[in-house]
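Visitor: Please take me through one part of this model in close detail. I would like to see how its interior is packed.

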Amino acid sequence: MAMTGSTPCSSMSNHTKERVTMTKVTLENFYSNLIAQHEEREMRQKKLEKVMEEEGLKDEEKRLRRSAHARKETEFLRLKRTRLGLEDFESLKVIGRGAFGEVRLVQKKDTGHVYAMKILRKADMLEKEQVGHIRAERDILVEADSLWVVKMFYSFQDKLNLYLIMEFLPGGDMMTLLMKKDTLTEEETQFYIAETVLAIDSIHQLGFIHRDIKPDNLLLDSKGHVKLSDFGLCTGLKKAHRTEFYRNLNHSLPSDFTFQNMNSKRKAETWKRNRRQLAFSTVGTPDYIAPEVFMQTGYNKLCDWWSLGVIMYEMLIGYPPFCSETPQETYKKVMNWKETLTFPPEVPISEKAKGLILRFCCEWEHRVGASGVEEIKSNPFFEGVDWEHIRERPAAISIEIKSIDDTSNFDEFPESDILKPTGRVLCNLGCP
C-alpha cells in the first residue's frame, strides 16, 4: 500500500518512540558486550599461548594446559548465565563488617550450599571502582589457582548493593587469629609466611598486583591453610589507599614526633585498641602499605613483599612496626622507615627472622623477591620448608570446625538491616 502524507515514524506516540529507543539501546549494549567478551576471551587465550611458549612446554603439556583453560572458560560462562537474586539465599549470620558493607554467611535455598556473601553499598563507591573490583574478581576467578585464592561463584546487584557470593572459609582471617594469640612462634610464623609467599606469587604469575596484603585479607580454610581475598578493593575504595589522601601531608617528621618512645607494651595496647576500628573505618590504616605506593613515581609487584614483611613483624612482635595513635602518624613513620623500623629488645626474635623482615622492608630495588620468588624461598628463615607439599601438611595452628556453617572463628557481629531486597537482579557475574 502506498504511503502518503506523514511517515510511519511521525505517527508513533511518544510512548512507542521511547520503547523503540530503549529496545535499540538494549540490543546495542547486548551485542557490544558479546563482542567485548569475545575479545577478552581471545586475549586470555593469546596470553596463555605466550606464557606456554616462554615456559618452553612440550606439546602434551600445552594440550593439558589448553584443556584446563577451556574448562575454566566454560565454567565461567556457565556461572555468568546463572541468574540469581537475593531471594535465592537465606541469611544465617553476619561474619564480617567493613567501611562499605558487610559479609554474611548465607545458604543457597535450592542446594543447601553455604557461602560467604559480601555486600557492598553502591552509594559508597565510585562507579569506575565498582567496575574495577568486579572485573578484577572475575579475572581471578577465570585464571587464578583456586588453592591460593578465595573463589567467587556468583555476583549480582540491586538498587542499593552489590552482592558477591564467595567461598566460605570457616577458619576466619589472620587478623582475628592474631587478636586471639597476640604473637606467633617462629615456627608458626614460618608456616603462614611461607604459604602467603606462594599465594602472592600465584597471582604475580598471572600479572596481578594485590596492593592490599594485610592480615584481614589472609583467610584460613577448614584445615588452617591460607587463601588470599579482596582483589580490586585495594584500588581506591578506602581513603588510606588513595595516595592523594597522604600526599598533602608533610613527609618530614613533626617536631613533637621525635619518636615518642612508646615502649612495646604501650604500642601493643594501642594496636589492640585501634586495629579493629581502623580496619572497619573509611580512613583505614597505612600500616601495611609500601612507601613507594604513596609516591608519584610508580610501583610494581614488589610492594606486596613489603606488606608481607610488615605482617611477619606483627606476627612475631605483636604489632606492626609503624604502629601509631593515628593513621597520619603511621604514614609518616612508613615514609621515614629507615629511622622508624626498629626491633624492641624486650621482644627478642632470631637473627634469621629479623634479617628476612629487613629484606622485605627496604628499598624496592633491593627488596627480596626482586629477582624472583626463588630468592625468597632460599632465605635462611625458610630452612626446612617443604614448598612443594606445604598445603598437604597439617597447618601450624589447628582449626576446630564443628559444622559446615561454623562461625566460631569469626568475631561476633550484631545483626543489621543492610540485607533487604530492593528490587530484581540487574546483572549476573561479570557485570559492573
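Guide: What follows is a look at the nonpolar core, then at one polar residue. The model is predicted. Start with the whole. The protein has 13 helices and 7 strands. Of its 432 residues, 51% are buried. Contacts often span long stretches of sequence: among those between residues at least 6 apart, 71% join residues at least 24 apart.

Now the core. The largest nonpolar core holds 66 residues. Within this core, Y192, V197, M312, F360 and F382 touch the most other members. Helix α9, residues 303–317, gives the core its largest share, 11 residues. In soluble globular proteins, nonpolar side chains tend to be buried together.

Zoom in on Y192. Leaving aside residues up to four places away in sequence, Y192 touches M174, L177, L184, L220, G224, V226, M315, A396 and I397. A second core sits separate from the largest one and has 14 residues. Its members include A116, L120, M152 and L169.

The surface gives the other side of the picture. The protein exposes about 21800 Å². Carbon and sulfur atoms supply 53% of that area.

Last, a charged side chain. R104 lies in strand β2, residues 101–108. R104 counts as buried because its relative accessible area is 3%, under the 20% cut-off. Its side chain has polar partners. One is the side chain of S91, at 2.6 Å. Another is the side chain of E102, also joined to R104 by a polar contact of 2.6 Å.

Technical notes. Residues are numbered from 1 along each chain as its sequence is written. This is a predicted model: local features need pLDDT of at least 70, side-chain atom pairs count only at pLDDT 80 or more; totals for chains, interfaces and linings use all residues. Side-chain values use heavy atoms; hydrogens and water are left out. A nonpolar core is a set of buried Ala, Val, Leu, Ile, Met, Phe, Trp, Tyr and Cys residues joined through side-chain atoms within 4.5 Å. Buried means under 20% relative accessible area, exposed over 50%, partly exposed in between (1.4 Å probe, protein chains only). Helices (H or I, at least four residues) and strands (E, at least two) are DSSP runs, numbered from the N terminus. Contact means heavy atoms within 4.5 Å. Accessible areas come from the Shrake-Rupley method with a 1.4 Å probe; for residues, only the protein chains shown count as cover. A polar contact is a pair of N or O atoms within 3.5 Å; within protein, one must be able to donate a hydrogen and the other to accept it, and residues adjacent in sequence count only if both atoms are side-chain atoms.
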